[in-house]
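Colleague: I am new to this structure. Please take me closely through one part of it, the stretch of strands and loops past the middle of the chain, and set it in context.

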Amino acid sequence: MAGSQWELPPELCCRPMAFVALTGLDVVYNAVHRAIWDAFCANRRADRVPISFKVLPGDHEYPKCRTKRTSYEWYIPKGILKTGWMNKHLNLVPALVVLFYELDWDDPQWKEKQSECATKVEIDLVASERAAALCNACDLSGKSLFVLPHTDHLVGYIIRLENAFYEHAQTYYYTEIRRVKSHKEFLNKTTHQLLFVRHQFKIAFFSELKQDTQNALKYYRTAYSLVHELRAHETNMLEIKTMAGFINYKICRLCFQHNTPLDAIAQFRKHIDLCKKKIGSAELAFEHAAWMSKQFQSFGELFDEAIKLGLTAIQTQNPGFYYQQAACYSQDRKTLAQQLCQVMISVTNQNPPFSSGGLDFYGQRPWRQGHQSIDPPDAEKEKTGIVALQIKERDVPHSELIIALLSNAVAQFKKYKCPRMKSHLMVQMGEEYYHAKDYTKALKLLDYVMCDYRTERWWGLLTAIVSTALRCAYLMASVRDYMIYCMELLGRASTLKEEQKLRIEKNLIKVLKNEVPEAEPECDPASVTAARALWNDRMALAGSNEFTIEVQDYIPFIQCKAKFQSPSFHVDQPIQLQVFLRADCPHPVSFNKLSVSLSNQEYNQWCVVESVGQESMSLLPGKTKCYNFSFVAKTEDVGKKIEMTGIELMLGSDGGGRCVFVGWRGAGGDAASTHEALLASRSSRRCGRAVEARQELDWDSLSIQPSTMIISRVPKISVQLSHQPPALNNEMYCISLTIQSQEGGVARDVKLTAGLKPGQDANLGQTTHVTLDCSKVCDDTAPALLPDVPLGDLNPGQQLERCVYVKCVSTGPRVFLFHVAYSIDTSVEGRQIVCKCHKDETVTIETVVPFEVSVKFVSTKFEPLERVAVDIPFLLMTDILSSSPWPLLLASSSLQLLTMTTNTAQLQSQLQEVVLQTDECASECFCLRCPPLTNSSTTVATGQYLISWRSPLIQTAVALPHVILESVPLYIHADLPSFGRVRESLSVRYHIENRTALVQEVEMAVEPSDAFMFSGLKQVRLRILPGSEQQMLYNYYPLMAGYQTLPQLNISLPRCLTTNTHTLRRFLPQRIFVKPQGRQLDDASIAAA
């Protein structure tokens, strides 16, 4: 049989499309014909009809039609489906032959051309006119003649032409289906069972060519049922399985195409259940495994193709499972081939088991083609053929097939995020590479997946994988890998027996002595011989006897943990660290050197221990050994972290053998240490103090401390702060600082850093100022932090006092830092060093406002003003409310006016030397006037109110509110006494001023009042020149005592309609206090008294 017999034929796997042959086109030498051909076949879009075009020469000889059978009475079929039938209808027998004939309507030989064309049958023409005459001459209907002009719209004409071709092809395949169906009435189920399957398959295939996939699926299902109804025996089992596999492939493909993946999966499972026990000849059982493998592989490819076209798969149902199962059957095939194909019989040239030609029917044996009986026709030939197949199977590269399938499965499981399945299959791939003697790839794959099994703690699986990797390393003579896997198989994660570990340890010692190790068990003898030669070559290479092996990611046979004894050390203390080692192998382990690498390499010289003379250091199995190291830190490393960057253990010796440096990154530990430490912590919590009672070190309870911090020496000084909170805004707040030395020696270069603690809000740094000078208030140039203020030296017991003054411009809490630094001489383990010490004290101070100022504008009658009239006096009232917790001294106050002027000759503060207690209020009043402005602004700034308080004087500026101005055309004010008396005349003089540039007419009327009689003009009309003043005098005669309302003066300006009486009347007094009439004592009264 052919080596590729299990591959599905390409004509089965392709999409069947109608085959149309084009003749009469010279696509090589004729550019027009080439353009027509390119329009047919190049860049076909998905919306064009599915047609397979082929250009054939005009004299091409098509397959001849055989004589149709009229009766099946004595016909015995020789097989189910001929091997060339599908290819014949896909590529040889066209559904339609299209003849292209080029005509020129103006050709003088038109008649001869027309006669030549008329000899053709069923033609399609490239022409432009005279169509009717041509159709009559060729005896064609109008539907069979097509005009194809060569223009810019050629593709559009081609598409119309294609649609016509497609209709003709549909008609042809429909006719073929009817022809095949017509044979059914001549068949019987006794001798024509194969024909029933064949005809159903042909109908289904023609339906696919016709693009009727629903009917095709129906007929394929019928064919599949019929093929399993065939009587199966050993001689035809392969043919039945082959045809069942073909039909199943078609059904599954169409189900995926119809977007019914569950139907495809159900069909495939049914197919496997029906066929998995149809093994056939026991001597060729490997063929059944190969066929099963191909079934799973083909379905996986169909599934994957459907996913690429938009189908959604899930973790539990994806193509990877089918590729994996295909690999499993390929492994079964390999095992069966190794069992069955051990014969060494050669096939003689006189009796070749295979004919030189191919098979006539799918699934038949070459030496008995067309034979359908139960017993083989020639037993000797049958035996020879089976032996030939077994010999051929021995040459099949089984491992390559298995690896390819496993690789496909790994890709799928990686895509659908199934890490454990991926790792499992990669292990199988590594083992197959090992069996294929490709040890480099095997080791690479196995080493990749070991990390996953170490992380998930599958110790049994890890041991098996490492054992295979060890065999690969031995057969490759890879010294480094061999030592790594020996170390891991001797470690605590290995599940090997004691005698196996002893053997591996002896081999490791031999490698360290530069000797050839013993061969690993289960290795191929031929490979062992080649490996020993490689090992002997390695022994001769003296320059490659030093190895550095990082075991952090493995689980080696030596465990290492290291820690600093404290998370931090003062610079005047020796730094101490411990390294714990433990061996897990059966025998003691000797080593010659242990070293610890630190982040500051200058300390590395103090962290090394070496063997003395010929005596090496050793580790006993299962016992923990501790090595202590100590060194003194440098003063420049204060504030820095010292980390362990690595630990190195030297196995072997420099003289004569191999030297291996086993290294751990950081402070030791390996791939299993983290989980073991977690279990140990849980166990210690459950056991409680019982763990503490153990004298021997518990390895699992040892923790790793990979770094330590060098901190400054503990200062022996006291820093005390004294102050009286809270601080007032803008005041010079005093903080007293007292420093006292408790050192045994002189504290030199004492420096003070005082001020706002860094790291707070940036705005606080701009509103906080610190100084040591209290004689004046510091300005905005003063810093928020005073750095490194020298204070000199401080003797033992000496006390130093300083005052720091803080000015806070804004309110809120602030954290102030007082940092005192100094240097002092000390000794550590006999070494004199200069230590820099410092003491920090912080204090939080709340800043509050000393007082609150409220400002308001009122008229001269103390009425609130919303608007201020231009050039008319008004009052500015200020109220100062103390919020200080202690008495507040107000030194003075003043106004800084911008646009206003005072109505008095000189402003004097009314708050000089006033002391306010908490919540007391002081008020002040100023009479102001707003002169006429040159601009037209209606809102003007008033200025600032300056308050000086405390000693030294602190000046606080309060911005006065803006005022809204208004202009009045007429200003009226009155001169009247402060009080009146009942029945005594009261003189009132009204002053009327014209503030405009126009002559104003004024109409005045005095309203009568019950409380007064008056004399004067009750109603008058005046004219007042611009800038002039008119006076009106009235005598009021009070009639009642008490606060009385004066007679109202109604004023109107006919020329200023916007100004009403109420606007002008607000400048006039409304009421006056009238005293009661006094008694006059006469002489008679006095005498009577």
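Modeller: Here is the overall picture, followed by the close look you asked for.

Start with the whole. This is a predicted model. The protein comes to 24 helices and 45 strands. Along its principal axes, the C-alpha trace spans about 185 × 115 × 65 Å. The radius of gyration is 57 Å, whereas a compact globule of 1089 residues would have one near 31 Å. Of those 1089 residues, 46% are buried. Take the contacts between residues at least 6 apart in sequence: 72% of them join residues at least 24 apart. The exposed area is about 55,800 Å², and carbon and sulfur atoms supply 50% of it. Charges are matched in number, with 115 positive and 115 negative side chains. The centres of those two sets lie 6 Å apart.

Now the close look. Begin at strand β23, residues 812-828, where F816 sits. Is F816 buried or exposed? F816 counts as buried because its relative accessibility is 1%, and the cut-off for buried is under 20%. Its contacts reach beyond its neighbours within four places in sequence. Before it in the chain come G755, L756, K757, T768, V806 and C808. After it come E841, T842, V843 and I845. Distance along the chain can be set beside distance in space here. F816 and T938 are 122 residues apart along the chain, and their C-alpha atoms are separated by 48 Å.

Move on to strand β24, residues 831-848, which holds H838. The residues E841, T842, V843 and I845, in contact with F816, have numbers that fall within this strand's range. H838 itself is partly exposed: its relative accessible area is 31%, which lies between the 20% and 50% cut-offs. Setting aside neighbours within four places in sequence, H838 is in contact with S712, P715, H819, V820 and A821. Of these, H819, V820 and A821 carry numbers inside the range of β23. So far away in the chain as K294, the gap is wide: H838 and K294 are 544 residues apart in sequence and 81 Å apart in space, C-alpha to C-alpha.Next come the loops. F862 lies in the one between β25 (851-858) and β26 (868-869). Its phi is positive, about 60°, although F862 is not a glycine. Most residues other than glycine have a negative phi. F862 counts as exposed because its relative accessibility is 54%, and the cut-off is over 50%.

A second loop lies earlier in the chain, between β16 (717-722) and β17 (727-728), and P726 is in it. A cis peptide bond joins P725 and P726, with omega about 0°. Most peptide bonds are trans.

For a helical counterpart, look at K417. Its place is in the loop between α14 (398-415) and α15 (419-435). K417 is not a glycine, yet it has a positive phi of about 55°. K417 is exposed, at a relative accessible area of 63%.

Finish with the annotated span. An unreviewed UniProt entry labels residues 999-1051 "domain: Trafficking protein particle complex subunit 11 C-terminal". In the model this span is 0% helix and 64% strand. Its end C-alpha atoms lie 16 Å apart.

How values were computed
Residues are numbered from 1 along each chain as its sequence is written. This is a predicted model: local features need pLDDT of at least 70, side-chain atom pairs count only at pLDDT 80 or more; totals for chains, interfaces and linings use all residues. Side-chain values use heavy atoms; hydrogens and water are left out. Helices (H or I, at least four residues) and strands (E, at least two) are DSSP runs, numbered from the N terminus. The radius of gyration is taken over C-alpha atoms; the globule rule is 2.2 Å times the number of residues to the power 0.38. Buried means under 20% relative accessible area, exposed over 50%, partly exposed in between (1.4 Å probe, protein chains only). Contact means heavy atoms within 4.5 Å. Accessible areas come from the Shrake-Rupley method with a 1.4 Å probe; for residues, only the protein chains shown count as cover. Lys and Arg count as positive and Asp and Glu as negative; His and the chain ends are not counted. The place of a charge is taken as NZ of Lys, CZ of Arg, CG of Asp or CD of Glu. UniProt positions are given in the numbering used here, feature names are shortened, and annotations may be inferred rather than shown by experiment.
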